[in-house]
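Visitor: I have a structure here that I've never looked at before. Could you walk me through how to read it?

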Amino acid sequence: MNTFVNIAIYQVVWFVCIRYGNIGGMISLPLLAIHLILSDKRKEDLKTMGLLLVAGMIIDGILNVSGFFAFDPPGFPIPPWLMVIWLGLATLVHHSLAWLKSRLLLCALLGALGGPIAYWSGVRMGAAVFNWELLPSLLVLAAIWASLWPGVMYLAGNADSRKHIRQRRTPAGHTER
């Protein structure tokens with residue numbers, strides 16, 4: 001998949017969901033379908049989408065229920081539009097961010113920066129409210145994302161390694177079932 005198309009789809013999904021809430025989430029679902037149609041790693045994308053959807057519902061659900069932040073419109077454990085953002089984020093793992101799979105320290109740094117910036121941007125656009133002061137909120141999110149993103153990329157890299165090993169073991173002309 002073209003890197004720029006991958007990034008563009010994610011950015012549009014993020015913006016539309018943040019700007020239009022649940023309606024934006026519904027508008028964005030066809031973009032995720034387009035990603036899957038264009039993807040040469042559909043199976044990996046779907047697994048990562050499932051993983052990140054569950055992770056997002058747990059992480060943001062805990063933060064939501066604990067009162068760390070509140071969403072507009074609300075949802076339990078998180079609003080549907082936020083679930084779509086997590087699905088969109090997963091589309092980057094095997095494509096535009098694939099080069100990070102073996103750079104876990106860099107993943108931690110980028111997670112610590114990118115995660116809080118994305119949430120803060122969403123807050124600034126009115127999709128959520130931090131119920132804590134800004135700096136402690138950003139520091140908590142930095143700690144979460146500095147752990148989460150290397151874990152996601154590590155799992156994705158291991159899945160790639162296992163697939164490569166299985167392909168090497170499959171005799172030429174035979175397909176794996």
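**A guided tour**

Guide: Happy to. Let's start with a residue in the predicted model: Leu 46 is partly exposed, with a relative accessible area of 47%. Leu 46 sits in helix 2, and its C-alpha atom is 8.2 Å from that of Leu 36, ten residues away along the chain.

Visitor: Which word fits Ser 137, buried or exposed?

Guide: Ser 137 is buried, because its relative accessible area is 0% and the cut-off for buried is under 20%. Ser 137 belongs to helix 5. Leaving out residues up to four places away in sequence, Ser 137 touches Phe 68, Phe 130 and Trp 132.

Visitor: And what does Tyr 154 count as?

Guide: Tyr 154 counts as partly exposed, at 43% relative accessibility. Tyr 154 is in helix 5 as well. Its C-alpha atom is separated by 6.0 Å from that of Lys 101, though the two residues are 53 apart along the chain.

Visitor: Let me step back a bit. What does the secondary structure of the chain come to?

Guide: Five helices and two strands. Follow the sequence and you get the pattern α-α-β-α-α-β-α. Of the 177 residues in the chain, 41% are buried. Here's one for the fold: take the contacts with a separation of 6 or more, and 70% of them are between residues 24 or more positions apart.

Visitor: Now the aromatic rings. How do I read a pair of them?

Guide: A pair of aromatic rings is described by two things, the distance of the centres and the angle of the planes. Searching the whole structure turns up nine aromatic pairs. Take Trp 86 and Trp 145: their ring centres are 5.3 Å apart and their planes are at 20°, so this pair is stacked.

Visitor: Where do Trp 86 and Trp 145 lie?

Guide: Trp 86 lies in helix 3 (residues 80-93) and Trp 145 in helix 5 (residues 134-169), so the pair ties together parts that are 59 residues apart in sequence. Both Trp 86 and Trp 145 are buried.

Visitor: Why is the pair of Trp 145 and Trp 149 tilted?

Guide: Look at the angle. The planes of Trp 145 and Trp 149 are at 35°, with the ring centres 6.2 Å apart, so the pair is tilted; stacked would need planes under 30 degrees apart. Trp 145 and Trp 149 are four residues apart in helix 5, about one turn of the helix. Both are buried.

Visitor: Which residues form one aromatic cluster?

Guide: Trp 86, Trp 145 and Trp 149 are among them, and so are Phe 68, Phe 69, Phe 71, Trp 81, Tyr 119, Phe 130 and Trp 132. For the wider surroundings of Trp 86, set aside its neighbours within four places in sequence: its contacts include Leu 52, Leu 53, Gly 56, Tyr 119 and Leu 148.

Visitor: What about the inside of the protein?

Guide: In soluble globular proteins, nonpolar side chains tend to be buried together. Here, the largest nonpolar core has 42 residues, and among those with the most contacts inside it are Leu 52, Phe 69, Trp 86 and Trp 149. Helix 1, helix 2 (42-65), strand 1, helix 3, helix 4, strand 2 (128-130) and helix 5 each give two or more residues to this core. Helix 3 gives the most, with eleven residues.

Visitor: And what volume does the largest pocket have?

Guide: About 640 Å³. The largest pocket is lined by 31 residues, and Tyr 10, Leu 89, Gly 114, Gly 115 and Ala 118 lie nearest its centre. By class, the lining has 24 nonpolar, six polar and one charged residues.

Visitor: Which helix supplies the largest share of the lining of the largest pocket?

Guide: Helix 4, with nine residues. Helix 1 (3-38), strand 1 (69-71), helix 3 and helix 5 are among the elements that supply at least two residues each.

Visitor: One last feature: how do I read the peptide bonds?

Guide: Most peptide bonds are trans. In this model, the bond from Asp 72 to Pro 73 is cis, with omega near -5°. The bond from Phe 76 to Pro 77 is cis too, with omega near 0°. Pro 73 is in the loop between strand 1 and helix 3, and Pro 77 is found in that loop as well.

Notes: Residues numbered from 1 in each chain as written. Predicted model: local features only at pLDDT ≥ 70, side-chain atom pairs only at ≥ 80, totals over all residues. Heavy atoms only, no water. Phe/Tyr/Trp six-rings, centres within 6.5 Å; stacked < 30°, edge-to-face > 60°. Buried < 20%, exposed > 50% of the residue type's maximum accessible area, 1.4 Å probe, protein only. 1 Å grid on protein atoms, 1.4 Å probe; cavity = no way out; pocket = protein on both sides within 12 Å on 5 of 7 lines; lining within 4 Å. Points joined across faces, edges and corners; volume = space filled by probe spheres on them. Nonpolar A, V, L, I, M, F, W, Y, C, P; charged D, E, K, R; others polar. Core = buried A, V, L, I, M, F, W, Y, C linked by side-chain atoms within 4.5 Å. Contact = heavy atoms within 4.5 Å.
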